[in-house]
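Student: I should like to look closely at one part of the structure shown here. Please begin with the setting and then turn to a single pair of helices.

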Amino acid sequence: MYRYILLLGFWISTIFNIQAQTSFEAIVNQGIELHDKGDYEGAIRLYKQGLNSYPESMLLYYEIALSYLAMENYQETINWSEKALKATDELQNVSIVYALLGSAYDNQERPEEALEIFNEAIAKSGDDYILYFNKGVTLQKLNDIKGAADAYLMALLLK
């Protein structure tokens, strides 16, 4: 009898876990769909609602920041990217958050701050081609052609 109760408990907890995961995935997928259709504000609203249930989801913060970037609202991109980096539920690839943050600084004509972000990210999260590529773009804007070429080369070697 005890064994059946234990199995029933396991089965119920598994169902709730699957439902929670499915709900989270549904929020993300619906938000991405809205974003891809150009409804950035709708996507942001959905992601923010998702944060009520998943307040430590780095992915939701990242998606919000990405939608703000698409709207060319770089300050909000920076704000939400920084929140993403503070979230405890990390993405597998934190480099994409750093790349987004650095790009927002770069788009605000703040290349020195962008370079700081890219260098910090490379030091913290290891070698990721996207960080080197974005660093190359920033260095090229600063007319540091050798630095840009080195960064692009590193991006190619890593990819």
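Student: Which elements of the protein chain have the lowest and the highest mean pLDDT? And at what angle do the axes of helix α3 and helix α5 cross?

Tutor: This is a predicted model, in which local features need pLDDT of at least 70 and side-chain atom pairs count only at pLDDT 80 or more, while totals for chains, interfaces and linings use all residues. Residues are numbered from 1 along each chain as its sequence is written, and side-chain values use heavy atoms, without hydrogens or water.

The protein chain has eight helices and zero strands (DSSP runs of H or I, at least four residues, and of E, at least two, numbered from the N terminus). Helix α1 (residues 2–36) has the lowest mean pLDDT, 62, and helix α4 (residues 74–86) the highest, 97; pLDDT is the predictor's confidence in each residue, from 0 to 100. Over residues 1–21 pLDDT stays under 50. Where pLDDT is low, the predicted coordinates should not be read in detail.

Now to the pair. The axes of α3 (residues 58–70) and α5 (residues 95–107) come within 10 Å and cross at roughly 25°; axes are lines fitted to C-alpha atoms over the stretch in contact, with angles from 0 to 180 degrees between N-to-C directions. The two helices are therefore roughly parallel, a term for angles under 35 degrees. On the α3 side, M58, Y62, A65, L66 and L69 make the contact (heavy atoms within 4.5 Å). On the α5 side, the contact is made by I96, V97, L100 and N107. These residues divide into eight nonpolar, one polar and no charged; Ala, Val, Leu, Ile, Met, Phe, Trp, Tyr, Cys and Pro count as nonpolar, Asp, Glu, Lys and Arg as charged, and the others as polar.

Technical notes
Parallel < 35°, antiparallel > 145°, perpendicular 65-115°, else oblique.
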